[in-house]
Amino acid sequence: MTTDVRPGLKPVESGVGLFPAMAAVFMRDVRVAFRQRQDLLNPLLFFIMVVTLFPLGVSPEVEFLRQSGAGILWVAALLSVLLSLDHLFRHDFDDGTLEQLVLQPQPLFALVLAKTVAHWILTGLPLVVLTPILGIMVHLDGNSIAILCLTLLIGTPVLSLIGSIGAALTLGLRSAGVLLSLLIIPLYIPVLIFGTGTVAAASEGSPVAGYLALMGAFLVLALTLAPFASAAALRISLSNS
Amino acid sequence: MSEPLLQAVNLECERDTRLLFHNLSFSILPGTVTRVEGPNGTGKTTLLRILAGLNDAFSGDLLWCGEPRSHLRESFLRNTLYLGHRPGIKPLLTPLENLRALMAGRRRVTDDTLSQALAGTGLAGFEHVPCRNLSAGQQRRVALARLLIADEPLWLLDEVFTAIDAGGVKAIEALLQQRAQEGGAVLVTTHHDLQLPGMQRIILGGGERDDN
């Protein structure tokens, strides 16, 4: 922090505070997304299609769907978040918005966090909202659907946060898609295991508080560490461009 | 005010195993316009990105107000305006929304000020037209509108005259000169034949390049 202000220089405090700056980043992303709705619909349609194709492709048996329904929904949600990740920084990188973001006086990790939250609200949250309908389609009972929604509500922000690191790291590359998946999927596996494990435990009638606590721990960990990693990765990607 | 804002000491940068420049030292004083010159591919943009803090792949020292820049990062970022090749204009947003978003991280400005700045670059009446419907030159002008309301003492402008018509070029030249008279420092890269009284030059790629 600077305390001495040289003549002619604007003191850092004369700028914009952290929260208004984060809100501005968030609002811009939301606004851009709503001007380009097909990008918003893509992950949702993918999610719905995968879940509807499973009964047709594998087995429409009630027993099979009830057993594997939660898993199918979780995998579909995970892949659909993965699909949308490449857009997280790509457009900003191409049009120069990202350079301006890095050069803002506010800490970059906070601005990246604002972008990631926008990404989650635009892709992860709609998946959670759709889950009850698709849950009924795969014959999940009410309790399982509630728990599934809860795990997705905790889990999808983790997917966005971890994904933001991969998206930032692969930004400067021409064929980023494959590498992004390779980098990120191993990190998604624990979230997937505990997400589906929670629902399985709930359907057997065992207590789920422990599972949920672990998922919560994932979220807290991702929330506190991922923005720093993404910010550092963004600087590297921009430095090499 | 005679203390240099930004000082580069023995900058050296290599890109793809090619030495772009070495032993490059200069000072940017308040109230000056400096033009970075050199043929294509001699590192003008790279130099500007290094100075702006976007590129860390260099050796040498950068001093901001006499102290290492890394110690005063916030102050440096608050007091420097960088406009690159890619000006940070979102095609889906309107000029007003774009300008508002770009200023939002820097300082508080009212929409009236933003509209006036847009009008000052000849975009009056286009405030609410999505930028993708504007011409390349008009999109550049949206970014340039920032110069009319910028309060940062140091401007780093990369190829600022690209896609701008003759009248616009004159207006920018006048703006840069006025800025220098007010005590601001401006660093530009351009292929346009910019001639301002008292202009400094940094010439890249002069004799130090071994072509083979």
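Here are some exercises with worked solutions on a predicted model of two chains, A and B.

**Exercise 1. Work out how far the predictor trusts the complex and chain B, and where pLDDT falls below 50.**

Step 1: start with the whole complex. The predictor hands it an ipTM of 0.90 along with a pTM of 0.92.

Step 2: zoom in on chain B. Its average pLDDT is 88, and 96% of the residues reach at least 70.

Step 3: look for the weak spot. Residues 207–212 of chain B have a pLDDT below 50, and beyond near neighbours in sequence that stretch makes 2 contacts in the model.

**Exercise 2. Describe the make-up of chain A, then set it beside the UniProt record.**

Step 1: count the elements. Chain A has 9 helices and 0 strands, so reading from the N terminus you just get α-α-α-α-α-α-α-α-α.

Step 2: get the dimensions. The C-alpha trace of chain A covers about 75 × 35 × 30 Å along its principal axes.

Step 3: check the record. An unreviewed UniProt entry lists "transmembrane region" for residues 40–58, 64–85, 117–139, 145–171, 178–202 and 208–234 of chain A.

Step 4: test two of those spans against the model. Residues 64–85 of chain A come out as 100% helix and 0% strand, with 31 Å between the end C-alpha atoms. For residues 208–234 of chain A the figures are 96% helix and 0% strand, and the end C-alpha atoms sit 37 Å apart.

**Exercise 3. Take apart the side of chain A that touches chain B: which elements give two or more residues?**

Step 1: size up the contact. It involves 31 residues of chain A and 35 residues of chain B.

Step 2: name the contributors. On chain A, the elements giving two or more residues are α1 (18–35), α5 (97–102) and α9 (209–239). The largest share belongs to α1(A), with 7 residues.

Step 3: sort by class. This side of chain A splits into 13 nonpolar, 11 polar and 7 charged residues.

**Exercise 4. Find the domains of chain B and describe how they touch.**

Step 1: draw the boundaries. Domain 1 of chain B is made of 1–79 + 152–212, and domain 2 is 86–150.

Step 2: get the spacing. The C-alpha centres of these two domains of chain B are 24 Å apart.

Step 3: count the contact. Domain 1 of chain B puts in 9 residues and domain 2 of chain B puts in 7 residues. On the domain 1 side, helix α6 (residues 166–181) of chain B has the largest share, 3 residues.

Step 4: sort the domain 1 side by class. You get 5 nonpolar, 2 polar and 2 charged residues.

**Exercise 5. Work out the packing of α3(B) against α4(B): is the crossing left-handed or right-handed?**

Step 1: set up the geometry. Helix α3 (residues 95–104) and helix α4 (residues 111–120) of chain B pack at an angle of about 115 degrees, and their axes are 10 Å apart.

Step 2: settle the hand. The crossing of α3(B) and α4(B) is right-handed.

Step 3: list who meets whom. From α3(B) come Pro95(B), Leu96(B), Leu99(B), Arg100(B) and Met103(B), and they meet Asp111(B), Leu114(B), Ser115(B), Ala117(B) and Leu118(B) of α4(B).

Step 4: sort by class. The α3(B)–α4(B) contact has 7 nonpolar, 1 polar and 2 charged residues.

Note on methods: Residues are numbered from 1 along each chain as its sequence is written. Chains are lettered from A and ligands numbered from 1 in the order in which they are written. This is a predicted model: local features need pLDDT of at least 70, side-chain atom pairs count only at pLDDT 80 or more; totals for chains, interfaces and linings use all residues. Helices (H or I, at least four residues) and strands (E, at least two) are DSSP runs, numbered from the N terminus. Ala, Val, Leu, Ile, Met, Phe, Trp, Tyr, Cys and Pro count as nonpolar, Asp, Glu, Lys and Arg as charged, and the others, Gly among them, as polar. Axes are lines fitted to C-alpha atoms, for helices over the stretch in contact, and angles run from 0 to 180 degrees between N-to-C directions. A crossing is left-handed if the near helix is turned anticlockwise from the far one by less than a right angle, and right-handed if clockwise. UniProt positions are given in the numbering used here, feature names are shortened, and annotations may be inferred rather than shown by experiment. Domain bounds come from an automatic or database domain assignment. pLDDT is the predictor's confidence in each residue, from 0 to 100.
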